[in-house]
Amino acid sequence: QVQLVESGGGLVQAGGSLRLSCAASGSISSINQMAWYRQAPGRNRELVAAISSNNNTNYANSVKGRFTIFRDNAKNTMYLQMNSLKPEDTAVYYCNAVIIRTWDHLTSWGQGTQVTVSS
């Protein structure tokens with residue numbers, strides 16, 4: 001079994017910062033791409049940022065210049081540093097990872113962490 005656990009969400013004022021973490025555990029040989037998604041009430045889940053196994057990154061236009069995704073492969077952990085937060089960043093943030101196991105690979109999701117930005 002593989003588990004992704006997010007942490008670091010919370011309530012922050014506009015202009016503030018938060019750092020999200022996503023730790024993977026279980027039967028893992030390696031982790032390919034990792035990503036953060038978010039879903040606001042009444043909206044579809046959207047990609048926020050993604051990072052490959054060799055640290056190539058891409059970001060949604062709405063967060064470029066404000067958010068930074070990075071990972072620590074030794075700890076099987078991914079992070080999202082969010083600066084200059086805006087009320088429209090309010091959403092449940094989910095981590096996603098493509099896990100490589102000895103016998104297969106699978107796409108795993110975390111349970112989500114709430115980020116609320118007040119104006």
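**Overall architecture and stabilising contacts of an all-strand model**Of the 119 residues of the protein, 41% count as buried, where buried means under 20% relative accessible area, exposed over 50%, and partly exposed in between, with a 1.4 Å probe and protein chains only. The model is predicted, so local features are reported at pLDDT of at least 70 and side-chain atom pairs at pLDDT 80 or more, whereas totals for chains, interfaces and linings use all residues. Residues are numbered from 1 along each chain as its sequence is written, and side-chain values use heavy atoms, with hydrogens and water left out.

The secondary structure comprises zero helices and eleven strands. Helices (H or I, at least four residues) and strands (E, at least two) are DSSP runs, numbered from the N terminus. Along the sequence, the pattern is accordingly β-β-β-β-β-β-β-β-β-β-β. The radius of gyration is 14 Å, close to the 14 Å that the globule rule gives for 119 residues, so the protein is as compact as a globular protein of that length. This radius is taken over C-alpha atoms, and the globule rule is 2.2 Å times the number of residues to the power 0.38. Along the principal axes, the C-alpha atoms fill a box of roughly 50 × 25 × 25 Å. The accessible surface comes to about 6200 Å², of which 45% belongs to carbon and sulfur atoms; accessible areas come from the Shrake-Rupley method with a 1.4 Å probe, and for residues only the protein chains shown count as cover. Among contacts with a separation of 6 or more, 55% are between residues 24 or more positions apart, a contact being heavy atoms within 4.5 Å.

In a regular strand the side chains alternate between the two faces of the sheet. Strand β1 (residues 2–7) follows this alternation: V2, L4 and E6 point to one face and are buried, while Q3, V5 and S7 point to the other and are not. Six bridges pair β1 with strand β3 (residues 18–26) in the antiparallel sense; two strands pair if DSSP finds at least two bridges between them. Within this pairing, V2 of β1 has G26 of β3 as its bridge partner.

Strand β3 also contributes to the one disulfide of the structure. A disulfide is a covalent bond between the sulfur atoms of two cysteines, identified here as a pair of cysteine sulfur atoms within 2.5 Å. The partners are C22 and C95, with sulfur atoms 2.1 Å apart. C22 lies in strand β3 and C95 in strand β9, so the pair ties together parts that are 73 residues apart in sequence. The torsion about the S-S bond is about 50°, so the disulfide is right-handed. Both cysteines are buried. Strand β9 also holds N96, which counts as buried at 7% relative accessibility. Leaving aside residues up to four places away in sequence, N96 touches L4, Q33, M34, A35, Y37, M78, T107, S108 and W109.

Side chains of opposite charge can pair when their charged atoms come close. Four salt bridges are found in a search of the whole structure, each being a side-chain nitrogen of Lys or Arg within 4 Å of a carboxyl oxygen of Asp or Glu. One of them joins R38 and E46, with an N to O distance of 2.7 Å. R38 is buried, with a relative accessible area of 6%, whereas E46 is partly exposed at 31%. R38 also meets D89 in a salt bridge of 3.0 Å, N to O. D89 lies in the loop between β8 (77–82) and β9 (91–100) and R38 in strand β4 (residues 30–39), so this pair ties together parts that are 51 residues apart in sequence. D89, like R38, is buried. A further salt bridge links D104 and R101 at 2.9 Å, N to O. Here D104 is partly exposed, with a relative accessible area of 29%, and R101 is buried at 15%. Salt bridges that share partners join R38, E46, R66 and D89 into one network.

The loop between β8 and β9 also contains E88. With a relative accessible area of 54%, E88 is exposed. E88 and I99 are eleven residues apart in sequence, and their C-alpha atoms are 31 Å apart in space.
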